[in-house]
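Student: I'd like to go through this model with you and ask how its labels are earned. Could we start with the surface?

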Amino acid sequence: MLRRLAFLIHYSVKNMSRSRKLIAPIVLGGSLAAGSAAVFAASSLEPASAGGPAISGYQLPVPELQAIVDAPRAPQFRLGPLRKLALLVGQPGLPGIAEVAQPELKLAGLRINPRTRASSHFDFGDSLSLLDVASGKSRAVSGLPARPRIDNVAWSADERWVAFSRWADDGVELWLLDVEKASAKKLIRDKLNASVSAGFSWLNGSRSLLVKLTPAKQTAMPVASIVPAGPNMQETRGGKLTQTRSYPDMLKTAADADMLDWQLQSQLAIVGINGELKRIGPVATLIGVQASPDGKLILATQMRRPYSTILPAYRFPQLTEVWDMQGRKLKTIAERPMQERLPSGNDAVQTGPREFGWRSDQPATLYWLEAQAGGDPEVVAPVHDILFQQAAPFDGAPQKLLEMAWRYSGVQWGNDGLALVTESWWKSRDTRTWRIQPGHADSKPDLLFARKSEDQYANPGTPSTSLNAYGRAVLRTAADGKSLFLAGTGASPEGDRPFLDKFDLDSKQATRLWRSQAPYYEQVAALLDDSGNSFVTSRESNQEPANFYVRSLERAEPRALTHFIDPTPQFKGVQKQQIRYKRADGLDLTATLYLPPGYDPKRDGPRPMLMWAYPREYKTADAAGQVKDSPYKFNRISYWGPHVMLARGYTVLDGPSMPIIGEGKQEPNDSYLEQLKMDAQAAVDEVVRLGVADRHRIAIGGHSYGAFMTANLLAHTRLFRAGIARSGAYNRTLTPFGFQSEDRNFWEATAVYQAMSPFNFAHQIKDPILLIHGEQDNNSGTFPVQSERMYQALQGLGAVTRLSTLPNESHAYRARESIMHMLWEEDRWLDLHVKNAKAEEPAAK
């Protein structure tokens with residue numbers, strides 16, 4: 001009888017969980033449960049709050065937390081290509097759950113709204129205005145509809161037009177902004193297919209666009225029968241070891257594959273700025289479209305069958321062709337098979353040609369990569385990648401541009417005498433940048449930069465670009481053509497201090513033109529001339545939000561372009577400090593300490609604290625010990641981070657260093673737990689020494705890998721009074737082919753996987769832990785079942801825990817109701833278990 005009753009309860013809970021109601025089971029502690037009694041303890045979907053009535057539905061946090069969620073957002077700043085105008089895109093508040101709960105297809109790693117034939121998307125602009133850089137005057141754009149829902153804005157090369165998409169309820173529309181008139185209009189009636197890309201781009205110059213449309217005539221969307229046609233079967237016939245991570249949203253049935261085809265089917269068209277439309281080429285499952293810089297050719301990539309039930313769409317077979325502007329095939333460039341069995345390792349790639357693109361500085365020259373040594377990083381070989389190019393009409397032999405000992409990681413084109421190619425190697429964290437002369441076959445590559453990718457102190461910066469005659473971005477050089485301009489974050493022992501350098505390509509020496517000065521954090525947004533004398537910056541300080549300025553090297557003070565206000569003035573008095581301290585083994589660590597307005601630790605004594613962290617892997621202690629971030633950034637009080645708890649009187653330690661180091665042949669995760677405990681201990685000891693936190697009232701929290709960290713710290717230490725773990729993974733056997741930066745599989749590093757899984761040590765968690773997870777998490781590895789199984793283990797073991805799953809939410813939560821409820825959960829948890837806890841007092845039951 002008891003077994004039958006347990007089954008009925010389990011069945012009821014399972015079916016109720018499919019509803020849209022928020023599910024927030026809570027376990028208030030107790031002895032280890034067994035058998036049917038455990039089912040009763042876990043079956044409530046509307047648990048009672050401590051001493052209060054049943055809780056159901058979305059909850060609102062206290063008003064001071066609500067105010068943070070609803071704080072105004074600054075507009076997006078989009079500088080025009082000629083640097084004469086900027087477009088300001090207004091940002092509305094968070095979308096409601098009714099909008100986030102739109103229909104969504106989950107197909108091979110893609111999430112598509114079937115009503116709009118577009119990727120699931122909720123963050124849109126709601127207004128447009130044009131800002132004159134010279135005068136600082138702005139003009140509001142007219143002609144927008146009542147619900148603009150603006151996305152994918154794109155300036156024309158001559159700065160006379162801005163194309164953008166408007167996401168209507170029945171599809172994605174193409175709109176055009178006339179800059180001179182400051183007026184926008186819908187350009188065509190046909191709808192874009194934005195399922196895998198924006199769906200449009202400017203052609204050579206500024207008179208027409210290449211767009212990807214939904215088919216003019218298409219059969220009705222397929223409807224899967226509720227009666228199955230048969231079992232869904234998978235089979236493998238063996239082969240080499242392959243590293244396939246745990247991907248969400250894979251295809252399951254033949255009907256899924258048909259639906260994917262239908263959603264991706266599209267047809268190209270050329271649209272003039274006068275609205276004239278000409279459809280070209282066949283209807284096809286287009287997943288990549290690039291027009292040549294001269295606007296005469298199209299590089300088109302189609303997805304081909306057969307599809308896979310364990311791989312995402314980008315690893316399906318692909319056909320890449322060159323078409324003319326009538327949509328006729330001129331040449332087949334590559335037929336790539338399924339990427340089913342890649343070698344192991346983070347540097348593993350497919351064999352054969354890959355990553356096709358047009359040189360941005362030439363009319364119609366293709367470039368691509370070809371892996372050597374079978375694409376296997378474990379194979380010792382002098383060359384692992386080769387960069388090729390071939391000019392239209394593609395009847396000559398491909399030209400080899402550069403042989404790379406490591407893996408290609410990017411190229412920036414300038415002209416026939418200048419291009420920069422970067423290669424890197426994950427295992428050693430090595431990276432280097434070469435100068436090549438792509439128009440001179442007999443030239444030798446010239447090494448410009450070499451460093452460890454994790455060594456930010458040695459980062460030379462990013463080269464500035466400008467638009468050429470084709471409207472494509474190319475390397476910006478000084479007037480003599482012999483120097484580049486490099487802008488970087490300027491990581492240093494003083495914290496980040498952004499800079500602008502002039503780099504001589506011959507001497508390989510950099511001249512510092514400008515550097516951010518305290519008390520500001522100021523970084524270069526764009527150059528305004530070819531001398532590096534005038535540029536636009538984004539500047540902020542602890543008490544001033546980021547605004548854009550025009551700075552000249554000839555003037556001491558910059559000229560303000562924007563005047564964005566502080567969105568949360570109630571936090572004006574927040575105190576911020578970059579603190580530095582040492583780990584037990586002597587490693588230097590950093591963190592950012594926030595104190596509530598008006599708080600004086602000497603006068604008021606230690607407060608309860610929330611720490612929020614995210615571990616990172618390093619190959620050298622020197623890189624791990626580098627100072628991170630800047631003490632001069634604006635005190636952004638975001639609902640997403642821990643800073644909101646300043647409004648509730650907590651002190652906050654944000655981003656305490658949690659380095660996990662593996663030098664030489666050692667991998668970082670070989671000593672993950674040992675190092676993680678040292679990192680946390682050092683942070684706790686420092687805030688207690690500073691008198692800003694009570695050792696017995698500190699909570700630890702994090703999102704994703706930070707949630708994984710939180711569970712591990714609660715399982716292996718008693719440093720923290722409680723934990724908040726959002727969208728985490730807790731059982732590494734469910735991610736057997738790698739996670740985060742770990743590229744060994746479970747069977748190669750079984751002991752590491754087992755030791756790092758807090759699920760295996762759930763019986764050691766003695767302090768309360770709050771689990772929050774989006775029910776539709778699309779992040780590889782952090783499936784909702786991770787939190788569900790962790791919760792089940794904790795409740796069965798008698799731990800104090802709570803699980804709150806958010807309907808329709810992904811890895812990052814989007815709906816206003818979800819964010820409000822998340823804050824309610826976090827505030828309630830800290831209030832119950834941390835704020836008033838005593839040194840010897842057990843966790844609240």
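Student: What makes up the area that the chain exposes?
Tutor: The chain exposes about 35800 Å², and 51% of it is supplied by carbon and sulfur atoms. Such areas come from the Shrake-Rupley method with a 1.4 Å probe, where for residues only the protein chains shown count as cover. This is a predicted model, in which local features need pLDDT of at least 70 and side-chain atom pairs count only at pLDDT 80 or more, while totals for chains, interfaces and linings use all residues. Residues are numbered from 1 along each chain as its sequence is written, and side-chain values use heavy atoms, leaving out hydrogens and water.

Student: How many of the residues count as buried?
Tutor: Buried means under 20% relative accessible area (exposed is over 50%, partly exposed in between; 1.4 Å probe, protein chains only). Of the 845 residues, 55% count as buried.

Student: What secondary structure does the chain have, and why is the chain called as compact as a globular protein of that length?
Tutor: There are 12 helices and 47 strands, read as DSSP runs (H or I, at least four residues; E, at least two) numbered from the N terminus. The radius of gyration is 28 Å, close to the 28 Å from the globule rule for 845 residues, so the chain is as compact as a globular protein of that length. That radius is taken over C-alpha atoms, and the rule is 2.2 Å times the number of residues to the power 0.38.

Student: What share of the contacts joins residues at least 24 apart?
Tutor: With contact meaning heavy atoms within 4.5 Å, the share is 60% among contacts between residues at least 6 apart in sequence.
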